[in-house]
Amino acid sequence: MIPYLVLGGGLGFAAVIQPGPLQAFLLSRAVAAGWRRTLPAALSPVLSDGPVALLVLLLLGRLPALAQHLLRAAGGLLLLTLAWAALRGLRAGAGVPAPPRVSAPRTLLQATTVNLLNPNPYIAWALVLGPAVLGAWRENPAFAVALLAAFYGVMVAGLAAFIFAASTARLLRSRAQTALVVAAAVVLAALGAFQLFLGLRAAVAA
């Protein structure tokens with residue numbers, strides 16, 4: 001079970017650090033209204049990912065086992081690509097990309113809607129989380145539950161920390177954020193290599 005806890009927690013950490021529409025909304029809301037009023041919005045991925053996960057798992061479940069293993073390997077390649085892109089941006093002197101200017105969500109429902117319209121959860125579930133959850137479920141349903149619990153636990157806690165840091169204006173263009181991006185890139189690369197190995201190994205054995 002430990003490898004699945006590590007995988008889920010690592011993916012959750014990387015999802016928090018990667019800039020995206022949800023982070024932009026949370027940032028603008030935290031700056032405008034403070035962390036106390038924005039904190040409930042950290043739960044938005046838990047609410048929005050349910051329909052996405054159900055759809056993806058139903059579709060993936062209809063695929064042959066070999067196709068599922070190859071998708072898992074493709075997800076590993078995607079994570080490696082994201083890690084390289086993050087490090088390349090820092091090496092090029094671009095720094096940490098600033099989130100786009102967007103209006104702040106006022107409720108948890110609005111933050112959930114933002115995440116539903118964000119393509120990142122769909123890509124993550126189709127290429128990374130979906131195949132990983134199905135693989136864990138085949139071994140033991142408890143492993144799949146542990147993976148998801150670690151993923152969303154770390155993501156919610158990380159978004160809460162992001163909201164607090166953003167409200168105190170300590171996160172933007174700082175050395176701490178650069179260090180977090182590097183850490184996220186390392187985590188993405190390690191998880192990508194792990195997913196690629198597992199996917200290819202299972203595909204060869206199938």
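# A walk through an all-helix chain

Start at Gly50 in helix α4, where a kink of about 35 degrees lies shortly before the proline Pro51. Keep in mind as you look around that this is a predicted model.

**Stop 1: the rest of α4.** Select residues 44–61 to see the whole of helix α4, which has 18 residues. From its first C-alpha to its last, α4 reaches 26 Å, close to the 26 Å expected at 1.5 Å a residue. Now colour the buried residues of α4: Ser44, Pro45, Ser48, Asp49, Val52, Ala53, Val56 and Leu60.

**Stop 2: Asp49 and its partner.** Stay in α4 and pick out Asp49. Is Asp49 buried or exposed? Its relative accessible area is 6%, and the cut-off for buried is under 20%, so Asp49 counts as buried. Show side chains here and add Tyr152 to the selection: the side chain of Asp49 makes a polar contact with the side chain of Tyr152, at 2.7 Å.

**Stop 3: zoom out.** Bring the full chain into view. How many helices and strands are there in the protein chain? You should find 9 helices and 0 strands. Following the sequence from start to end gives the pattern α-α-α-α-α-α-α-α-α. The protein chain has 206 residues, and 41% of them count as buried.

**Stop 4: helix α1.** Next, select residues 2–17, which form α1. This helix has 16 residues and reaches 23 Å from its first C-alpha to its last, close to the 22 Å expected at 1.5 Å a residue. The buried residues of α1 include a run of glycines and their neighbours to click through: among them are Gly8, Gly9, Gly10, Leu11 and Gly12. Tyr4, Ala14, Val16 and Ile17 are also among the buried residues of α1.

Pause on Leu7, which lies in α1 too. With a relative accessibility of 1%, Leu7 counts as buried. Then add Gln195 to your selection. Leu7 and Gln195 are 188 residues apart in sequence, yet their C-alpha atoms are 9.1 Å apart in space.

**Stop 5: the largest pocket.** Turn on a surface or pocket display if your viewer has one. The largest pocket holds about 540 Å³ of space. To find its centre, select Ala15, Gln18, Asn120, Pro121 and Ala124, which are the closest to it of the 27 lining residues. Helices α1, α2 (21–33), α4, α5 (65–91), α7 (119–139) and α8 (141–167) each give two or more residues to the lining. Which helix provides the largest share of that lining? It is α7, with 7 residues. Try colouring the lining of the largest pocket by residue type: 20 of its residues are nonpolar, 6 are polar and 1 is charged.

**Stop 6: the cavity.** A search of the whole structure finds 1 cavity of 30 Å³ or more. The largest cavity has a volume of about 30 Å³. Which residues line the largest cavity? Select Gln68, His69, Arg72, Pro131, Gly135 and Arg138 to see its walls. At least two residues of this lining come from each of α5 and α7, two helices that also contribute to the lining of the largest pocket. By type, the cavity lining divides into 1 nonpolar, 3 polar and 2 charged residues.

**Back to the start.** To finish, return to α4 and its kink at Gly50. With the pocket display still on, look for the two or more residues that α4 gives to the lining of the largest pocket.

Conventions
Residues are numbered from 1 along each chain as its sequence is written. This is a predicted model: local features need pLDDT of at least 70, side-chain atom pairs count only at pLDDT 80 or more; totals for chains, interfaces and linings use all residues. Side-chain values use heavy atoms; hydrogens and water are left out. Helices (H or I, at least four residues) and strands (E, at least two) are DSSP runs, numbered from the N terminus. The expected span of a helix is 1.5 Å times one less than its number of residues. The bend at a residue is the angle between axes fitted to the seven residues ending there and the seven starting there. Buried means under 20% relative accessible area, exposed over 50%, partly exposed in between (1.4 Å probe, protein chains only). On a 1 Å grid over the protein atoms alone, a cavity is a set of points where a 1.4 Å probe fits but cannot get out, and a pocket is an open set with protein on both sides within 12 Å along at least five of seven lines; lining residues have an atom within 4 Å of a point. Grid points are joined across faces, edges and corners, and a volume is the space filled by probe spheres set on the points. Ala, Val, Leu, Ile, Met, Phe, Trp, Tyr, Cys and Pro count as nonpolar, Asp, Glu, Lys and Arg as charged, and the others, Gly among them, as polar. A polar contact is a pair of N or O atoms within 3.5 Å; within protein, one must be able to donate a hydrogen and the other to accept it, and residues adjacent in sequence count only if both atoms are side-chain atoms.
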